[in-house]
Amino acid sequence: MKLSLNDQTFDFSRPYIMGILNVTPDSFSDGGLFIKKDSAIKHVKQMIKEGADIIDVGGESTRPGAQRISLDEELQRVIPVIKTIREFSDIPISIDTKNACVMSEAVHAGASMINDVNALRGEGALAMAVELAVPVCLMHMQGQPDTMQKAPQYEDVVKEVKTYLQERINVCVKAGIKTSNLIIDPGIGFGKSVQHNLCLLKHLAEFNELGKPLLLGVSRKSMIGALLNNAPADERLYASVALATLAAWMDTGILRVHDVKATNDALTLCQAVKEAK
Ligand code: 7PJ
C-alpha cells in the first residue's frame, strides 16, 4: 500500500501522525485556543517539530451537537492558514471539510488531501474530489453531527461500518477517483455509543481487509471521558496515547491526534517492538 501526498510517498512501513489544527472557536477539546491565525501557525510549527507527518486543518467543528457555520466563515478560517503554512513548509496538509467549495479552495491554496467525515456524500463533493484528484479519507458516520449521538444503533457495528466503507469506495472508484487515492476511517464517536467505539477498536485490524490505508481519530474523544470518570478533554492525554498505540499495533496507517510529541514517542516504541526479531 502506498499513498502519494504532496510529492511525498507514504509506504505505511510505520504509522504516520496527522496533527489536528482546529481553526474553530467552538472545537471540542481545545475550544478557542487556536482561532487566531498567529497562534494557529505557531501550533503548526510546533507539531511539525514534534514529528507530525500531515496537518489536518478544519474550520467547521464536527463535535456532537456542534452548530453549522456559513461557507464564508469556513473559508475565512481555513484558507489563510493553509496559504501561510505553504509559505514555510511542504508538509502535506489535509482539509477537514464536507463542503465541495471548501475542498476546491483549500486544494488550490496548497492542501494535498481531503478529509471528509461525510465520505463525499455532500452536494457536489464527489464530483469535486474527482476533479481535484487528491487523496481522500472516507469516514463512517451514522446520522449527522447535530443529532448523531442521540440513539446510535447497529446490529453488528463492525460489519455495518465495513460494508458502508466498501460501498463508499465503490461509489468513489466508479466516479473516477483512483483507488490508490482512498483512505478509510471507521469514525470513532460519530453516531456510536461507547460500546460501539470499543467494539470497533477491538476489531480494528479487520478494516485492513478492505485494502486501503486506515486512518483513526480517538484523540481526546468523549468515549475516553466516559470511561475515566468524566475526565475533561485536557485530562485525556494518557488514554489517547494508549489508544493510539493499540491502533498502531493493529496496523492503523495514520493516527489523527492533538498531542503529537506524546503520540510520536509511543508509536516509535510500538514500532520498535513490531520490528524486533
Ligand atoms: C475525526 C475527523 C475522525 C477523521 C474529527 C474530534 C472530532 N476526521 N474529524 N476521523 N474526528 N477522518 O476530533 O474529536 O475521527 S472532529
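**Rings, a cavity and a ligand site**

Phe-12 and Tyr-16 are both buried. That is where I'll start. Keep in mind that this is a predicted model.

So, aromatics. Searching the whole structure turns up two aromatic pairs. One of them joins Phe-12 and Tyr-16, edge-to-face. Their centres are 5.4 Å apart, and the planes meet at 90 degrees. Add Phe-10, and you have one aromatic cluster with Phe-12 and Tyr-16.

Another ring, another kind of contact. What sits over the ring of Phe-88? The charged end of Lys-45 does, 4.7 Å from the ring centre.

Next, empty space. How many cavities of 30 Å³ or more does the count give? The count gives one. The largest cavity holds about 40 Å³ of space. Its lining runs through Glu-60, Ser-61 and Thr-62, then Ala-66, Gln-67 and Arg-68. Lys-98, Pro-145 and Asp-146 complete that lining. By character, the lining splits into four charged residues, three polar and two nonpolar.

Thr-62 takes us to the ligand. Thr-62 lines the largest cavity, and Thr-62 is also among the residues that come nearest to the ligand. There are 13 residues around the ligand. Asn-115, Asp-185, Lys-221 and Arg-256 are the others named as nearest.

Now the contacts to ligand oxygen. Lys-221 places a polar side-chain atom 2.6 Å from an oxygen atom of the ligand. For Arg-256, a polar side-chain atom is 2.8 Å from a ligand oxygen atom. Gly-217 uses its backbone: a polar atom there is 3.5 Å from an oxygen atom of the ligand.

That's the tour. Over to you.

Definitions and conventions
Residues numbered from 1 in each chain as written. Predicted model: local features only at pLDDT ≥ 70, side-chain atom pairs only at ≥ 80, totals over all residues. Heavy atoms only, no water. Phe/Tyr/Trp six-rings, centres within 6.5 Å; stacked < 30°, edge-to-face > 60°. Buried < 20%, exposed > 50% of the residue type's maximum accessible area, 1.4 Å probe, protein only. Lys NZ or Arg CZ within 6 Å of the ring centre and 35° of its normal. 1 Å grid on protein atoms, 1.4 Å probe; cavity = no way out; pocket = protein on both sides within 12 Å on 5 of 7 lines; lining within 4 Å. Points joined across faces, edges and corners; volume = space filled by probe spheres on them. Nonpolar A, V, L, I, M, F, W, Y, C, P; charged D, E, K, R; others polar. Near = heavy atom within 4 Å. Polar contact = N/O pair within 3.5 Å; in protein donor to acceptor, adjacent residues only side chain to side chain.
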